[in-house]
Amino acid sequence: MMSVDQYLPILGLLILGVLFGAGSLVMSAMLAPRKRPSDAKLAPYECGIVPEIEPPARFPVRFYLVAMIFVIFDIEVVFLYPFAVVFRQLGVFGLVEILTFSVTVFGALLFLVSEGALSWGPVKHLVAGMPSRTSSSTIVRINSDSDQAA
Amino acid sequence: MISLSPTAPPGVITSEGLAADLCCFPTPDQYFALISSFRDDGFEMCVDVCGVDYLEHFDRWLPDGVAPSRFEVVVNLLSLSKKQRVRVRVQAGNDSPEVDSLFTLYPGTEAMEREAFDLLGILFTNHPDLTRILMPEEWEGHPLRKDYGAGRVPVQFKESPGPR
Amino acid sequence: MSDPTIRTAERIELLTAETSEGAQELQRRESTPTNELGREVGAVLRLDGLTLDPTSVDFDRRDDETMIINMGPSHPSTHGVLRLMLELDGEFVLRTKPVIGYLHTGMEKTGEELSYIQGATNVTRMDYLSPVINELCFSMAVEKLLDIEVPARAVWIRMLMSELNRISSHLVWMATNGMDLGASSMMIYGLRERELILALFEKTAGLRLNLNYVRPGGVAADLPDGWQDDVLVICDTIFARTFEYDELLTGQPIFRNRMIGVAPLTAEEALALGVTGPLLRSTGVAWDLRRAMPYLAYDEVDFDVIVGTYGDNFDRYAIRLNEIRESIRIVRQCIEKMPSGDYRSQDSKVTPPPRARIGESMEALIHHFKLFTEGFHVPAGEVYSAVESPRGEIGCYIVSDGGPKPYRLHVRGPSFVNLQAVSLLMRGGSMSDTITVISTIDPVMGEVDR
Amino acid sequence: MALEDLQHNFLTGPIEDLVRWARRASVWPASFGLACCAIEMMATGGADFDLARYGMEVFRNSPRQADLMIVAGRVSQKMAPVLRQVYDQMMEPKWVISMGVCASTGGLFNNYAIVQGVDQIVPVDVYAPGCPPSPETLMHAILTLHEQIRTGEIMKRRSEGRPVHVDPTQGLWTPEVPVAVRVGTPK
C-alpha cells in the first residue's frame, strides 16, 4: 500500500495538466469572437503584400539540417533535467557521469561544425587580408590644405 | 566655377546658363554622342535626368537655332576631377517625346529615366525596364504633365457648396 | 473587408490584384529580358566601356529552386515604405529589385502650385531627417534666379543650422542602424541626444521638425538670445557621447561580423551609378560638395572630409560617426565667427516689411499683403543648385516663367539614386546582410518618392 | 456566448471592467511608420517621451501581435491597399490612431497622389492633429484612446470595420458606403 501514495503526486500532476489543457480550450471557445476570419486575415502576411508568385514547394536542404541539429541538441538538454534534481545525492559519481555525457555530445557538435553543416556557404564578403579596423583607423581625413582631388 | 574647358563637339549649340554653368542644346540625334563625348571628357557622374513639360511656357528663352518643343529632357553631368557641372537640355518632341536612354553610358540613370517616363510620359529607347516607378501600375495618364488635373479634392469649407 | 457575395477563391485574387504592381515587380527569370535581368543582378558597367554581360553571373539556380519574397512596404528595417523584392536561394540573395513609390506625395506637382514664399514648406517635407538642408537647397536656387545677396549673418546662421541638422540626421542613422543590428540601446542613446538639437530647433523656429526656417532671402527669424551656450552644451555633450557610441558598437563581435567586409562597393561602380554622399566617400572618392564646390561660407571654415578605404558597411558607419565630430567642429567655428547684422536681406522685393512698420505706413501694409498673397515674381530662367545633405548631393532644379510660382520644381534626391545601388550591393550576400545594406545606404523614403 | 455578445448585467459587469482595464494598459502599437510623423513616433518611443510608461514600449512589427495601428504619415494611392491589408490582418480588438494631418485629411498635399484622409480606408478611432504632431500631442491622442477603451464597448460593435467613404466629386462625407480601397485616378 505504501507504494501507492508514492505515485499520488504524479496522478495530481496528470489531472492538473488535463485540467489546464481542457480549461484553456473551453475558455477560448467561449470567449473568442464568433466572426469567421476574413480571407484577408487568412492570407499570408508578407509585409502587407498578398504575393502572386506561390512560394516553391522545394526549399534548400540546409534549412532542414539546421532544424534537425537543433532538435538533437534540444533533446540532450532534456536529459539534464532529471540529473539536476538529484545531482546532490549522486555526488562525484553523478558529476563524472554527466561530464562524459556532455563530452560525447560536444564531440558530436564539433564534428557537425567541422563538416560544415552550420556554415551557410559562400557569402560574398571582403575578408581576405583585412587588418583589424577601428572606426578611426579605417577612414582617411582630408583637410582643406592637402585637398587631394578625387 | 573654374575654367569652362569642356569643349562641346561641333554643331552643338551651347550657351552660358546662370552661375556660369555650361548649357548644351543638342538635337535628339546628337544627344547620345554628346553625352558619351562628355563622359570620355572626364564627366564621371550623371547626377540627374529630369523631364520638363513646356506646354504653358512655350516661348521660353532658347539660343537661336534651337527649335522649341513641348517636352524637354534635362541631363546634369558632373566632373569630379574638374569640379564642374554641365547641363544638357534636349528638345524631346511634342506629343510622343522620345529620346535614347543613357543606360549604357551611366547605369545610374535607369531609375531617373523611369521616373521621367512615369511622371511625364517621355519614352527612352532601349531602356532595360521602362515601367512605372512611382505611380501604381494601372494608373492612367502622366501626373506631372501640365494638362493633367491636380486631382484636388474640394476642401470642405472653401469650394464645397454651402448648405443654402 | 470580406464581402460575402464573392467566393473565397475570387476574394484572394481580388486582394492579390489590389496589392500587386505588375510589371514593376520582380518576375521569374525566364520572363525577364536579359538587360533587366542584368540590372537586377547588379551587373554594373565598368567605366572603360565593358558592355553589360548578364551571363557573367557566377552561380545561378533554376526558377523552381529559388524563392521570390517581398521585403515589403511595412517592414521594420526598411526605413520607411521601401519594398524590396528578393529572389532567394535559401539564405542567399540572387536578385533584388526595389519597388518604390509607396510614399509618392506628388510634391513636384504641389510645388508648382505654391508660391516661392510657400515653396520651402513643401520642400522641407521631402527629406524629413534633414529639413533645413532641403530648404537651403531650394532657397539657394531661388536666390540664384533672383540673384540677390544674402547678408553675412544669414549665411552663417544657415550653415550653423544645416550642420546641426546633419548631426541630428546622423544621430537618427546611428539609432536605427543600431536597432537594425539588434543593439536597441543604441536607439535610445541616439534619440536621446537628438532631443537636445530638436529643443534648440524648437526654440529658434518654433517646430521640432519640418521647420520652415530657411527662406529665399535669408532666415525666418534671428537666433534666440543666449543661443551660444545652448549650442556649446550640445557640442560638448554630443562630442563626448560619440566616443561612447564608438565603444558600444565598434568592438562588438556581432556588429563587426555583420558590418566588416559586407557589401563592398568600388569607386568606379559608385561613379557609374551616380551614387553620392557617405556611400561614395566610403569607396575612397573624396567628393564632398562642401569642400569641392563650397557654398555658403564653407571655404572660411576648417573641417575634414572623411573618406573610407574598403567601401564596405563598416566604412560607411565610420564615415558617419566621424562626420558627426566634423560637424561639431564646424558648429564651434560658427559660434566664434557669427557676424552681427540683419538676418534677412533688406531687398524689399523678397522680404516683407517688419510687422512694426505695417501699423504705420500704408505702402508697407500693401507691400506686406501683396508679398504674402501673390508672392514675389522671379525672373524667367532655369537654375540647378546642389547642396551636400547627410545622404549625398541634393539638387534643386527650378524653371521659372517670370510668375510668382515655379513653373517646374525638380529635386534630385540623393537617396533615390543611392537606392539603385541596392541590387549590386546585395548580390551574393545573405538575407541578414540586406538589413545592414539598407541601413548603411540610409534611404529616406520621403525624398526617394517625392 | 462570446465576449462580443456578452449581456451587460450585474454578473458580467466586473469581468468586463477587468478585461477593458487590462486591454487599456497593454496596447501594443504596430509600427506603421510612413513619413515624418514616423520620426516623431520614434521620438515618442524614445527615452525622453517614454511610451513605455503606458505599457506600449514594444512596437510590434507584425500585425498579428499588434492591437493599435498608428498611421504615421501620408498615405499614398499606392500604399492604400497595403494599409487596408495590414489592417485586415490585425487581430481583434484593434484600434487606429490617424497621426498627423496628412493621415487625417491629406494635409498639405491636396493632390492626386495622397488619399485625402485615411478614414476612407480604415475606420479611425482617434485623430492626432499637427504636422508632425509633437510627442506630447501623440501621447494625448493615445491617452484619449485609452479612455475610449476603458469606458467604451468591450468589443467594437460599430459598423463592423466599414469606414466612411469620401466621394471626391462632392467632397462631403457619405458614410455607410463600402470601402474604396483604391480611390482610383481622379478625372
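In which helix of chain C is C:Val417 found? The first view below answers this, and the others tour further parts of this predicted model.

**View 1. C:Val417 and its surroundings.** C:Val417 belongs to helix α16 of chain C, residues 414-418. Buried or exposed, where does C:Val417 fall? It counts as buried, because 27 C-beta neighbours lie inside 10 Å, and the cut-off for that label is 20 or more. Setting aside neighbours within four places in sequence, the contacts of C:Val417 are B:Gly108, C:Gly274 and C:Val275. You may also like to find C:Gly392, which is 25 residues from C:Val417 in sequence and 9.4 Å from it in space, C-alpha to C-alpha.

**View 2. Helices α5 and α6 of chain C.** Here, helix α5 (residues 131-146) of chain C meets helix α6 (residues 152-180) of chain C, with axes that come within 8 Å and cross at roughly 140 degrees. The two helices, α5(C) and α6(C), are therefore oblique to each other. On the α5(C) side, look for C:Pro131, C:Val132, C:Ile133 and C:Leu136; they meet C:Arg158, C:Met161, C:Ser162 and C:Asn165 of α6(C). Sorted by character, the residues of this contact are five nonpolar, two polar and one charged.

**View 3. A three-stranded sheet in chain C, with a helix packed on it.** This open sheet has the strand order β1-β2-β3 in chain C, and the pairing is antiparallel. Strands β1 (67-71) and β3 (92-99) of chain C stand at the edges with a single partner strand each, so one side of each has no neighbour in the sheet. Ignoring direction, neighbouring strands are turned by 25 degrees against each other on average. Between strand β2 (residues 83-89) of chain C and β3(C) there are seven bridges, and these strands run antiparallel. To locate the pairing, start at C:Glu87, whose bridge partner in β3(C) is C:Arg95. Helix α18 (residues 431-441) of chain C packs on the sheet and touches β1, β2 and β3 of chain C, while its direction makes about 150 degrees with that of β2(C).

**View 4. Where chain A touches chain C.** Chain A has 150 residues, of which 7% count as buried, and its secondary structure comes to four helices and one strand. From the N terminus on, these elements follow the order α-α-α-α-β. The contact between the chains takes 40 residues from chain A and 52 residues from chain C. On the chain A side, the elements giving two or more residues are α3 (39-42), α4 (61-115) and β1 (139-142) of chain A. Which of the elements of chain A gives the most to this side? That is β1(A), with four residues. The chain A residues that touch chain C divide into 21 nonpolar, 11 polar and eight charged. The strand also pairs across the chains: four bridges join β1(A) to strand β6 (residues 305-308) of chain C, and the two run antiparallel. One of the residues to pick out is A:Ile139, whose bridge partner in β6(C) is C:Gly308.

**View 5. Strand β3 of chain D and the elements around it.** Five of the five residues of strand β3 (residues 95-99) of chain D are buried, so the strand is largely enclosed by the rest of the structure. D:Trp95, D:Ile97 and D:Met99 point one way from β3(D), and D:Val96 and D:Ser98 point the other way. Such alternation of side chains between the two faces of the sheet is what a regular strand shows. Strand β2 (residues 68-72) of chain D pairs with β3(D) in the parallel sense over five bridges, and D:Val71 has D:Ser98 as its bridge partner in β3(D). The chain passes from β2(D) through α3(D) to β3(D), a β-α-β crossover that is right-handed. Helix α3 (residues 80-88) of chain D is itself largely enclosed by the rest of the structure, because nine of its nine residues are buried; D:Leu83, D:Arg84 and D:Tyr87 are among them. Strand β4 (residues 126-128) of chain D also joins β3(D), through three bridges and in a parallel run. D:Ile97 has D:Val126 as its bridge partner in β4(D).

**View 6. An enclosed strand in chain B.** Nine of the nine residues of strand β3 (residues 45-53) of chain B are buried, so this strand is largely enclosed by the rest of the structure. Eight bridges connect β3(B) with strand β4 (residues 71-79) of chain B, and the pair runs antiparallel. As a place to begin, B:Asp53 has B:Phe71 as its bridge partner in β4(B).

How values were computed. Residues numbered from 1 in each chain as written. Chains lettered and ligands numbered in written order. Predicted model: local features only at pLDDT ≥ 70, side-chain atom pairs only at ≥ 80, totals over all residues. Buried ≥ 20, exposed ≤ 12 C-beta atoms within 10 Å, placed from the backbone. Axes fitted to C-alpha atoms, helices over the stretch in contact; angles between N-to-C directions. Parallel < 35°, antiparallel > 145°, perpendicular 65-115°, else oblique. Contact = placed C-beta atoms within 7 Å. Nonpolar A, V, L, I, M, F, W, Y, C, P; charged D, E, K, R; others polar. Pairing = 2+ DSSP bridges. Right-handed = clockwise from strand over helix to strand, strands pointing away.
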